[in-house]
Amino acid sequence: MTGINRLPQIPLGCGGPAIGIQGLGCMGMSEFYGDTDETESLATLELALELGVTMFDTADVYGMGENERFLASFIQANRGRAVIATKFGYARTPERPDNWSLDNRPEFIRQAADNSLQRLGIEVIDLYYMHRRSTDVPLAESIGAMADLVAEGKVRALGLSAVGAQELREAHAVHPIAALQSEWSIFTRDIEAEIVPAAVNLGVTLVPYSPLGRGMLTGQTLAENLSAGDARSYFPRFSAENREANMRLVAKIEGIAAGQGVTSAQVAIAWLYAKAGELGAAVSPIPGTRSHRRLQENVAAASLALDQTAMAELEPLACEVAGIAI
């Protein structure tokens, strides 16, 4: 593909493989966000590689294994170019789809890794995350089991998702943590006070998920327009009582975008890169999409620079959001 400015790359963690400064969240290709089109999703994966997106994010819980199976042929065909990140932690299965309990026991971790490797059809997982932490198991015990997978050659690098600064430090003391996946956007900024500084200090790459507020920051996603089966219908920020207040905030983002001739989604992603730069953090956000157009829009935002006036206007919005992020 010609005429494309490919994304620059950063190392994953300290001395890890190079990854594009933007990844792709693949969850919605199989579950949670309404009907999917596998043909378009596969074409979007291929385009992502051409644009310099190299890290593809999934989890065993997405579609209860179906997302990993869906990605398998793409990952196998592009094994030398694509970095696959997957996760363990939820006990949900096709037999028990409503079981959202957590399991961080070493024996569960080992079996989950083997299952993911089988579904993906590969010999090693590039980045293996603890999806959520269960306090029922000592963190050092769980990280030790993950480290064993690295020693056995089943996993290349370790990651954590949605943990606090102290948990990150504790885990890193057992085995180097390459990546921390946390929600981070104009509307959700909790991690900036303690977690981002801890990651910077440890050399951990931050992988922000939902940088577009699960679609809200695009200005296109309203609760009444969500299709049947879209999980966002149950999220507080999309509820009828919160929607109007939040869309007024989105309108402010749209105003900034209009002034620069870009989209509100691009402003949201550009804000994240700018804020990470202010804090000295290495980031590779993973906006999720099944659409060619949205993918190109998201990638283009990596080269968009917001001026200080725009950053100042966006600064207070998180404090005004109605409803928790979930």
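This section describes the sheet, core, pockets and selected residues of the structure. The model is a predicted one, and the description moves from the strands to the packing around them and then to individual positions.

The central element considered here is an open sheet of seven strands, arranged in the order β3-β4-β5-β6-β7-β8-β9 and paired in the parallel sense. The two edge positions are taken by β3, residues 24-25, and β9, residues 205-209, each of which has a single partner strand, so that one side of each is left without a neighbour in the sheet. Towards the β9 edge, strand β8, residues 177-183, is joined to β9 by five bridges, the two strands running parallel, and within this pairing E183 has Y209 of β9 as its bridge partner. On the side of β7, residues 155-161, strand β8 pairs through four bridges, again in the parallel sense, with G159 matched to A179 in β8. Burial of strand β8 extends to seven of its seven residues, and the strand is accordingly described as mostly covered.

A further parallel pairing links β5 and β6, which are connected over four bridges, and here K87 stands opposite Y129 of β6. Six of the six residues of β6 are buried, so this strand is largely enclosed by the rest of the structure. Helix α3, formed by residues 106-120, lies across β5 (83-88) and β6 (125-130), and the helix runs at about 140 degrees to β6.

The largest nonpolar core comprises 100 residues, and the residues with the most contacts inside it are F56, L168 and F187. The greatest contribution to this core comes from helix α8, residues 264-279, which supplies nine residues. When neighbours within four places in sequence are set aside, F56 is in contact with L24, C26, L45, A48, L49, F74, A82, V83, I84 and A85.

Helix α3 also takes part in a pocket, since five residues of the lining of the second largest pocket, the largest share, come from this helix. The pocket has a volume of about 250 Å³, and of the 15 residues that line it, D60, R92, T93, N115 and R119 are the closest to its centre. As to enclosed space, one cavity of 30 Å³ or more is counted. The largest cavity has a volume of about 60 Å³, and its lining consists of E183, G213, R214, F235, P236, R237, F238, I324 and A325. One of these lining residues, E183, is also the residue whose bridge partner in β9 is Y209.

Another residue of the cavity lining, R214, is notable for its backbone conformation, having a positive phi of about 60 degrees although it is not a glycine. Most residues other than glycine have a negative phi. R214 is placed in the loop between β9 and α7, the latter spanning residues 240-260, and with a relative accessible area of 13% R214 is buried, because the limit for burial is set at under 20%. A positive phi is likewise found at M64, where the angle is near 55 degrees in a residue other than glycine. M64 lies in the loop between β4 (55-57) and α2 (66-77), and its relative accessible area of 19% places M64 among buried residues.

Two further positions concern the helices α8, α9 and α10. S291 is located in the loop between α8 and α9, the latter formed by residues 292-300, and counts as buried at 19% relative accessibility. Not counting residues up to four places away in sequence, S291 touches E40 and T44. Q308, by contrast, is found in helix α10, residues 308-314, and counts as exposed at 60% relative accessibility, since exposure requires a value over 50%. Q308 and A274 are 34 residues apart in sequence, and their C-alpha atoms are 10.0 Å apart in space.

Methods. Residues numbered from 1 in each chain as written. Predicted model: local features only at pLDDT ≥ 70, side-chain atom pairs only at ≥ 80, totals over all residues. Heavy atoms only, no water. Pairing = 2+ DSSP bridges. Contact = heavy atoms within 4.5 Å. Axes fitted to C-alpha atoms, helices over the stretch in contact; angles between N-to-C directions. Core = buried A, V, L, I, M, F, W, Y, C linked by side-chain atoms within 4.5 Å. Buried < 20%, exposed > 50% of the residue type's maximum accessible area, 1.4 Å probe, protein only. 1 Å grid on protein atoms, 1.4 Å probe; cavity = no way out; pocket = protein on both sides within 12 Å on 5 of 7 lines; lining within 4 Å. Points joined across faces, edges and corners; volume = space filled by probe spheres on them.
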